[in-house]
Amino acid sequence: MSDKLVMSTGNKAMAAAVKMVKPTVVAAYPITPQTEVIEAIAEYVGGGEMDARYIPVESEHSAMTACIGASITGIRVFTATSSHGLLYMHEMLHWAAGARLPIVMGQINRTLAPGWNIWAEHSDALSQRDTGWLQVYVSTVQEAYDATIMAFRIAEDNRVLLPVMINMDGFLLSHIMQPFEMTEPGDFVPQISLPHKIDVNDPKGYGAMSPSDIHFTFRHDMEKAMRASRTVIAETEAAFAKRFGRSYAPIEEYLCDDADVVIVAMGTLGKEAEVAADILRKEGVKAGVMRIRWLRPFPIDMKIEGKDLVVIDRDYSFGFGGVVAGEIQARYPQAKIASVIAGLGGQEVTYEDMATFVRTRKVGTEFWFGIPSEEQ
Amino acid sequence: MTEIPKEEMLLKCPSTCAGCGSLLALRYILKAAGKDTVLVIPACCNSVIQGVYPYMLHTVPVYNIAFAAAAACASGMSEAFRAVGKKTNVIVYAGDGGTADIGIQALSGALERGEDFLYICYDNEAYGNTGMQRSGATPLGAITTTTPNGKTVNKKDLDRIIEAHNLPYQATACASYPADIYNKVKKALSIPGPKFIHILAPCPPGWRTPSEKTVEIGKMAVKSGIWVLWEKEYDKFTISAPSRAAMKKPSPVADYLKAQGRFRKVDDATAAKIQAQVDKNLKKIAAEAAYSEENA
């Protein structure tokens, strides 16, 4: 097992990780800014570097459906999408999770029209948060690679058997190049073993009409699997750290232990915030960062006592508020949150801007970055 | 004579309406396909006919999927089976709504990609599962709950749309002719790539016919020429025996219309229009068969 340092975009690193875990079927439809992922996979398959069936479907609805049809035969599958493509899959996201299929999907975060805009935003993925998919948000090319490898092991664990969505900020990460270690996972992702795969020698019906009480049980089973996935994620990330030396947690904390104020964000904003914390520390402000990686299952052990939270949402739930801020407030009623809405449609948000959010925070209020205060 | 296996692949507990044409067709489809088969069923009558969990009508695995999704699901399933070296038959069994309307995009995509599965559309000419609303396959003049005065536009010519994909095997069939169905399914499954069979499936509650008349009504459709049985293997187009016989002297379409309550609001002018369309179509089909024979 030799790790080599290579330069890559986030998209290509994700594709390389997919190649490493050897899925049998990949079904996908191109969409900006995801396209590079499936182009790279098509090249691998076309060039004989990857022994998989690549199904170039006619829509994202069919991409997810083809993954469902392939997965139930008991093999490993992958797809990738973004933005409107994810929304076009919406119906089938429910079918995938409800059928307990460990499909892994790269999801390149992009805003939604109108107007047309191709840049980063988390609204696409967050609008799918109730579909029963696990969601992880990554912040570096290395993490995109590592999370993709771990996603298969987590999804395919018999305690979970739920699909996993790996979220990566469009262009900010999908298209920028960083050096990363291309670790060969070896047997880190074991052979898939689906207990309910189709077997013509033991015929069963799948997804038949189910009475209310049984349906209720199915749904509760999904929630039990979500809860169990917390353990599986922790085990997988610990095993990954032990074996490959790179460690991850559901919430990546930076300078949080003694912090009075913590910036909370997902994806690249959460990484950028570490620079803001450094600047603030030099000014004597005890600042830290909590970068939420796993939004589903939602973190149940945020250490927020005595701290102000500046939650930056690159999303919005109209008529309610920032999604992440709302989720934290619901889970931790005592949380003291200053909600910042920033980065929609790819709006630039620098570490200097984030430091300003902290300096000017008003707990209990919502602030839209770039909108004059008198209009808020 | 075709030797149809005695063994039943459907158990004796279907939740069908009495006289269901689609179940009659499925009985022979499964006899032809055998045990190494998976059925993919989108939302339609047959997603209910199979019974309520944990019970099941079929003796082969059945995978239920969303309305628009059958052909894409079968694509993934077939690719996965082939990837691991399995020959398992993947058969979609979908209604006309899931085929001609909401499912047509996925179907077209799968046919264009050359996926290896058999798609069977059982056509009861409306959304039967939800209580007979019009579909793209509902014929001119038919009353449905959303066309209370009779449909004012023609049935979508699904077969011509499918044909444009140049698939290796395509056929029509009718629930009233089980041996024809059996043979066509057998042949279809012997050919790699995408296959499509369009089966007219009389629906007693929807068509407003007595449940014991299903077979008779289907035969009337074929004998009048409003439904023609044919098959196309690569470029070889053949009219099937029952239609070859019927086309020598087709019975009046008016008899077929009069036998069904759903056509009760069809006036003489509309009936004449339907007859003219049938006549024209029969000429077209005869010409196509003759052309195919000459160029064989």
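Which strands of chain A does helix H9 lie across, and at about what angle does helix H9 run to E14(A)?

**Entry 1, the helix.** I am working from a predicted model, and I began with helix H9 of chain A, residues 323-331. I found that helix H9 lies across E11, E12, strand E14 (308-313) and strand E15 (336-341) of chain A, and that its direction makes an angle of about 140° with E14(A).

**Entry 2, the sheet.** I then traced the strands themselves and noted an open sheet of 6 strands in chain A, in the order E10-E12-E11-E14-E15-E16, with mixed pairing. At the edges I found strand E10 (251-254) and strand E16 (366-368) of chain A, each of which pairs on one side only. I also noted that the twist from one strand to the next averages 20°.

**Entry 3, one strand pair.** I looked up how strand E11 (residues 261-265) and strand E12 (residues 287-292) of chain A are joined, and found 5 bridges between these strands, which run parallel. Within this pairing I recorded that A:Val262 stands opposite A:Gly288 in E12(A).

**Entry 4, the cysteines.** I searched the whole structure for disulfides and found 0 over all chains. Why does B:Cys45 form no bond with the closest cysteine? Its sulfur is 6.2 Å from that of B:Cys203, which is too far, because a disulfide needs the two sulfur atoms within 2.5 Å. I also noted that B:Cys45 counts as buried, at 18% relative accessibility. For B:Cys121, the closest cysteine sulfur belongs to B:Cys44 and lies 9.5 Å away, so this pair is likewise too far apart for a bond. B:Cys121 is buried too, with a relative accessible area of 0%.

Technical notes
Residues are numbered from 1 along each chain as its sequence is written. Chains are lettered from A and ligands numbered from 1 in the order in which they are written. This is a predicted model: local features need pLDDT of at least 70, side-chain atom pairs count only at pLDDT 80 or more; totals for chains, interfaces and linings use all residues. Side-chain values use heavy atoms; hydrogens and water are left out. Two strands pair if DSSP finds at least two bridges between them. Helices (H or I, at least four residues) and strands (E, at least two) are DSSP runs, numbered from the N terminus. Axes are lines fitted to C-alpha atoms, for helices over the stretch in contact, and angles run from 0 to 180 degrees between N-to-C directions. Contact means heavy atoms within 4.5 Å. Buried means under 20% relative accessible area, exposed over 50%, partly exposed in between (1.4 Å probe, protein chains only).
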